[in-house]
Amino acid sequence: MVIKMLLQNIYYCSPRLYTSPPRQQFIRNFSLWSMKKESDLESALSRNRRWIVNNQIKFIILRYPGQVVPVKFLQKKFKTLDLQGKALNWLKKYPCCFEVYLEDDKYYCRLTKRMMFLVEEEEAIKDMQEPVFVERLAKLLMMSLNHRLNVVKLNEIKRNFGFPDDYLIRIVPKYSDLFRVVNYSGRRSSMEIELVSWKPDLAVTKIEASAQKEGSQPCFSCSLPSTWVKSWERFHKFNAAPYISPYLDPRGLAEGSEELEKRNVGLLHEFLSLTLWKKASILKLGHFRREFGLPEKLNALLLKHPGIFYVSNKYQIYTVLLREGYNGSELIDKDPLVVVKEKFGELMQEGLHEYNRRHHLVNLEKKKKDMVLARLDKSKDRSSEIPDNDDQADKLGGLFDPEERKRFYKILFDDTAP
């Protein structure tokens, strides 16, 4: 009783340490990541997952000498791709993309001819899209506080924006009026790309460009069911405040203010709008927190605006999608690179369908054989249960015995019998 009273006194006299019971605190922290799942957007993520894995396998093959990779080498890479099981089984699921063959008791893999055609088409589009890549890179630098971004961090998300692997060599030196590579600390990991000149015509967000076309004030759009009444109310209240462009310097905005939150949401919206798939890993996005002046609890900000962003934990990877970028599970505005990448996805599905059909036929044939064998076994069991006529006659005896039958008829028809 005394211990109980002491604990109660500690609890009520120390509100800073014990604002809520541990269980309630745990539930609140856990629910921070909770968001009602939407099947369409989850489907878009699962479709992209297979594509992402196979795209990485494609890059591994293209970089390997002779563009032919031992399957054992790919098996080692499976850990970095977050895949389990055998690489050989995975590759055989996509026969239209990957050609697997046996040589000297070792399996090798290369891209099929159809895949190589898509690789060439993708490279041609990248050459054509170079001015677009330049604009995207410039916009990212213009949104950063010091107008420069770390090269190592950029490399982690370069494919989100469609940047070629050699963008640092192919694009940056070619546009010296816009970019330059700097290293103020001297460490290799501190290499950065810096904006050389500001381009006012690029400092226009997607929201502002849409508002200019419609002749209205820039504001966010909400993609939520009408039944989400409270979420709609919060969205309308947030949207009523003036829009703040992420290209403006935010350092004059007060910490925790509505204006700063508006700017941060606008920056995340613009960042996702520049990506090919209108989505990004929250972990990788958080790597740019200091450069973009984003809050430490980025997840809390995203979940606070469910009408604008959709947060998913598909495959245990936290991802944020821009809701307005999707109609159901389909991307609305498709970049030319997305179109060619979707052809890759179609090729994957074609091979997967062929693989599943072939396995279905094999399993069907196996079931038929099992059924035939089962019937034969049953018929054998039945025949062993029914005795032969001779055996049965021996067991019954009497008139069923041939010798006894002869004696019976002799007595019946022979008058001379005693």
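Buried here means under 20% relative accessible area. By that yardstick, strand 8 (residues 309–312) of this predicted model is covered on both of its faces. Phe309 and Val311 are buried on one side, and Tyr310 and Ser312 are buried on the other. That split fits a familiar pattern: in a regular strand the side chains alternate between the two faces of the sheet.

Strand 8 has a partner in strand 9 (residues 319–322), and the two pair in the antiparallel sense over four bridges. One of the residues involved is Ser312, whose bridge partner in strand 9 is Thr319. Six residues lie between the strands of this hairpin, and Tyr315 takes a positive phi there, near 60 degrees.

A second piece of sheet is open and has three strands in the order 4-6-5, with antiparallel pairing. Strand 4 (148–150) and strand 5 (179–182) are the edge strands, each pairing on one side only. On average, neighbouring strands of this sheet are turned by 25 degrees against each other, direction ignored. Strand 5 and strand 6 pair over four bridges in the antiparallel sense, with Phe179 bridged to Leu195 of strand 6. Helix 7 (residues 130–143) lies across strand 4, strand 5 and strand 6, and runs at about 90 degrees to strand 6.

Strand 6 (residues 192–195) is also where Glu194 is found. Is this glutamate buried or exposed? Glu194 counts as buried because its relative accessibility is 9%, against a cut-off of under 20%. Its side chain makes a polar contact with the side chain of Arg180 at 2.8 Å, and another with the side chain of Tyr184 at 3.2 Å. Leaving aside residues up to four places away in sequence, Glu194 touches a list of residues that includes Leu141, His147, Arg148, Leu178, Phe179 and Val182.

Aromatic rings turn up together as well. A search of the whole structure finds 12 aromatic pairs. One of them, Tyr101 with Tyr108, is stacked, at 5.9 Å centre to centre and with 25 degrees between the planes. Elsewhere in the ring list, Phe133, Phe161, Phe163, Tyr167, Phe271, Phe288 and Phe292 are linked by ring pairs into a cluster.

Two rings also have a charge placed over them. The charged end of Arg159 sits over the ring of Phe59, 4.0 Å from its centre. For Lys262, the charged end sits over the ring of Phe238, and the distance to the ring centre is 4.5 Å.

Terms used:
Residues numbered from 1 in each chain as written. Predicted model: local features only at pLDDT ≥ 70, side-chain atom pairs only at ≥ 80, totals over all residues. Heavy atoms only, no water. Buried < 20%, exposed > 50% of the residue type's maximum accessible area, 1.4 Å probe, protein only. Pairing = 2+ DSSP bridges. Polar contact = N/O pair within 3.5 Å; in protein donor to acceptor, adjacent residues only side chain to side chain. Contact = heavy atoms within 4.5 Å. Phe/Tyr/Trp six-rings, centres within 6.5 Å; stacked < 30°, edge-to-face > 60°. Lys NZ or Arg CZ within 6 Å of the ring centre and 35° of its normal. Axes fitted to C-alpha atoms, helices over the stretch in contact; angles between N-to-C directions.
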